[in-house]
Structure formats: structure tokens, C-alpha cells
Amino acid sequence: MKKIIITIDGPAASGKEKIAKYIAKKWKLKHLDSGILYRQLALIILKKKIKYDNLFELRKIIKSKPKLSLRKTKKIRSQEVSALTSSIAVYKFIREYINRKQRQIVKINSNQRGFVIDGRDIGSVVFKKADLKLFVYVSEKNRAKRRYKQLIDSGEKSIYQKILKEIKLRDRQDKNRKHSPLVIPKGSHLIENNGSFNDTKKQINYLIRSILDGLSK
Ligand code: CDP
């Protein structure tokens, strides 16, 4: 059977990860969080004390083909790493490196039934021919509230107003960058994730059942 590809795009803290995990578990697909790859790369850059605008050193890092773990550690979720991640995600050579990694991961896992991949440009650039493309919408304030709670629950110190500001800044950077900006991909379905997760699940289940029915015919 053909490998199923479902993409989920959306702004910071819109709940892409929770939706992706839910879909992966229910339909036995593998989840790939592309943000982790960007964050792991940012962490390497941070550790080497390289600034986001030092293109010479950044290119040297990419040339060395750094291994990027898919482990979601506490370090990569810090605000420092989040801010650096969006700053380095503007560069075409960095995006191309990470896009290649994503396609390799999908290719080498040929035993998987399919993948659900989340990020900012997955349906618009990386997997344009996906079987189903979702775009998650949540208001800025709800996203900031959720991210604030997430940080507090994980034991980090956090201030709501600061989180809201950081989310707005990252959204601006992600939407306005020249290469692969955050857009609603052509042919995608809008998932409204402001309310309860049960509401969100209903929207998703309806869409996935219809594509799976179509694929098995
Ligand atoms: O979890 P959250 O939505 O806050 O972010 P993430 O998915 O972990 O991504 C962190 C940052 O990586 C984003 O703000 C983007 O700048 C960048 N990113 C990207 O440009 N393209 C992707 N496919 C995934 C992440």
C-alpha cells in the first residue's frame, strides 16, 4: 500500500504537536516534528556561540552535515533556543538541509504505514503532494496562554506578557521570511483549535476517514 503522508502546518504554539500525536496514535502513523530538527540545529549553533547573522560560520556548520537528533529535550524548548531557531530558519541553505533530512527520514522508514509531519512549510514546500494537508488556527492569546502553561508545568519560570510578545515576534519572522514563509498551503483544510480538543478531534477524524476511504478504493 502507498505510504500515507499527512502534513500539519500552523503558527507557534497552535497545538500542531498534540494533533500530530493524536493522529499518529489513532491511525498507526509515525510522527515527525520538523521543529525539533530546527531546534536541535539552533542548539548546536548556540553551544558553539555562533551568532545568527554569522553566515560564514553557519555555512561551515551545514557543510559539516551535523547529525540532528529527534529527541525532544527540555533544552530545545527554552526561550533562548526558540528565538534563535526562528532567526536561523530564514536561511535557504539551512531550510534545504533540514528538508533533505525530513525526506530521508520518510524514505528510510519504508516499513512505516505512513507519516504525519508538522511544521511551518510541510504542506507548501516539503511534502507538496501529501494525501492530506491540515492548517491549524488558534488565536494569538490562546496560543500564548497554552505555551505559558506548558512552560510553567515543565518547571520553567515564565511571564505571560513575555510569552505573548515572543510568539508575536516568531509569527512575524515565520510569515515574513523570504524562503518558505508560513502560509496556508494550497489544498489544505483549516482546523480550528481554539475550543476543546474533542471539537478538534471531530474535525480531524472526519477528514482522515474520508482520505483513508479514498485511498482504499
Ligand atoms: O512548537 P512551536 O510551534 O513553538 O515551534 P516549532 O514547531 O518547534 O518550531 C520552532 C521554530 O522553527 C519556528 O518558529 C520556525 O521558525 C522554525 N520552523 C520552520 O521554520 N519550519 C518548520 N517546518 C518547522 C519549524
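Visitor: Which element gives the largest share of the shell around the ligand?
Guide: Quick ground rules: this is a predicted model where local features need pLDDT of at least 70, side-chain atom pairs count only at pLDDT 80 or more, and totals for chains, interfaces and linings use all residues. Residues are numbered from 1 along each chain as its sequence is written, and side-chain values use heavy atoms, leaving out hydrogens and water. Helices (DSSP H or I, at least four residues) and strands (E, at least two) are numbered from the N terminus. With four residues in the shell, the top contributor is α2.

Visitor: Which residues come nearest to the ligand?
Guide: The shell holds 20 residues, each with a heavy atom within 4 Å of the ligand. The nearest are Lys 16, Arg 39, Arg 95, Arg 170 and Asp 174.

Visitor: How many residues of that shell are charged?
Guide: Five shell residues are nonpolar and five are polar. Asp, Glu, Lys and Arg count as charged; Ala, Val, Leu, Ile, Met, Phe, Trp, Tyr, Cys and Pro as nonpolar; the others, Gly among them, as polar. The charged ones number ten.

Visitor: What share of the ligand's accessible area does the protein cover?
Guide: Side-chain N or O atoms of Ser 34 and Arg 77 each come to 3.0 Å, the first from a ligand nitrogen, the second from a ligand oxygen. On its own, the ligand has 530 Å² of accessible area (Shrake-Rupley, 1.4 Å probe). The protein covers 97%.

Visitor: Which elements give two or more residues to the shell?
Guide: We've met one of them, α2, at 34–47. The full set is α2, α4 (79–88) and α8 (160–176).

Visitor: How far is a polar side-chain atom of Lys 16 from a ligand oxygen?
Guide: Lys 16 sits in helix α1 (residues 16–26) and is buried, as are Ile 19 and Ala 20, among others. Its polar side-chain atom lies from the ligand oxygen at 2.9 Å.

Visitor: Is Thr 200 buried or exposed?
Guide: Thr 200 belongs to helix α9 (residues 197–216), and its C-alpha is 8.2 Å from that of Ile 19, 181 residues away along the chain. Under 20% relative accessible area means buried, over 50% exposed, in between partly exposed (1.4 Å probe, protein chains only). Thr 200 has 0%, so it is buried.

Visitor: How far apart in space are the C-alpha atoms of Ser 14 and His 179?
Guide: Ser 14 lies in the loop between β1 (4–9) and α1, and it is buried because its relative accessibility is 0%. His 179 is 165 residues away in sequence, and the C-alpha separation is 21 Å.

Definitions and conventions: A polar contact is a pair of N or O atoms within 3.5 Å; within protein, one must be able to donate a hydrogen and the other to accept it, and residues adjacent in sequence count only if both atoms are side-chain atoms.
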